[in-house]
Amino acid sequence: MVRILPNETDIYALTDSKFSRGRSVEEQARALLGAGVKILQYREKHAPREVMLEECRLLARLCREAGACFIVNDHIALALEVDADGVHVGQDDMPIADVRRLVGPNKIIGLSTHCPEQAEKAVRDGADYIGVGPIFATQTKEDVTDPVGFEYLEWVVKNCPLPFVAIGGIKEHNVGELVKRGCTCCALVSELVGADDIAAKVAAVREAMKNA
């Protein structure tokens, strides 16, 4: 098992074939991992289950080979079947305590949060990390919550003991604003998988974070 949390790396990447310019999940993953991404989340919403299983098996292997952490979004059974390093769930998904009973004590559990009350509950319930957002408006997620802006991010930086990753509409041109507010790990979707050159975009985002 590879256990890497958001406070231990800078970029948290997600697959999304809808925005990948026709690249397969394998192509997305190989480019991201080749660029040194250390947390990769599989987030494919509309593929048949057998396709998702095959893709998750492949990504689990690629991540292990790269020394990266592999997280499956929502699909707990898939995560267990491919021995993923963790799962990420939302506010409307299974409660953290139930997820923990299914995945055991060692798997990573991430939870999307949108306000201080949800972050505080995540701490009490035993989440390993939280997602903070959406910071900006985003088109990569269906039924998305309104942007939380910087206020909630700043609250988390000052008050939440859990590792966290900021997510939602984050791009090379605005990532510095998050870093200036104390964020050390940012999740990006279309900005990376939709780039002309994924590796070059990862490097550019890293440079923008470093310069901030």
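## Close-up views of a predicted chain

**View 1. The surface of the chain adds up to about 9,600 Å² of accessible area.** Carbon and sulfur atoms hold 49% of that area. Keep in mind as you look around that this is a predicted model.

**View 2. Here's the whole chain, with its 9 helices and 8 strands.** Its C-alpha trace spans about 40 × 40 × 30 Å along the principal axes. How does the radius of gyration fit with a compact globule? For 212 residues, such a globule would come out near 17 Å, and this chain has 16 Å, so the two agree.

**View 3. Now for the inside: 52% of the 212 residues are buried.** Check out the contacts too, counting those with a separation of 6 or more. Of these, 60% link residues that sit 24 or more positions apart in the chain.

**View 4. This one is about charges, 25 positive and 32 negative.** Take the mean position of each group, and you'll find the two means 3 Å apart.

**View 5. Zoom in on Cys56, a buried cysteine.** Its relative accessibility is 0%, which is why Cys56 counts as buried. Why does Cys56 have no bond to Cys63? The sulfur of Cys63 is the closest cysteine sulfur, but it lies 10 Å away, and that's too far for a bond. In fact, searching the whole structure turns up 0 disulfides.

**View 6. Cys185 isn't in a disulfide either.** Its nearest cysteine sulfur belongs to Cys186, at a distance of 6.7 Å. Is Cys185 buried or exposed? With a relative accessible area of 0%, Cys185 is buried.

Note on methods
Residues are numbered from 1 along each chain as its sequence is written. This is a predicted model: local features need pLDDT of at least 70, side-chain atom pairs count only at pLDDT 80 or more; totals for chains, interfaces and linings use all residues. Side-chain values use heavy atoms; hydrogens and water are left out. Helices (H or I, at least four residues) and strands (E, at least two) are DSSP runs, numbered from the N terminus. The radius of gyration is taken over C-alpha atoms; the globule rule is 2.2 Å times the number of residues to the power 0.38. Buried means under 20% relative accessible area, exposed over 50%, partly exposed in between (1.4 Å probe, protein chains only). Contact means heavy atoms within 4.5 Å. Accessible areas come from the Shrake-Rupley method with a 1.4 Å probe; for residues, only the protein chains shown count as cover. Lys and Arg count as positive and Asp and Glu as negative; His and the chain ends are not counted. The place of a charge is taken as NZ of Lys, CZ of Arg, CG of Asp or CD of Glu. A disulfide is a pair of cysteine sulfur atoms within 2.5 Å.
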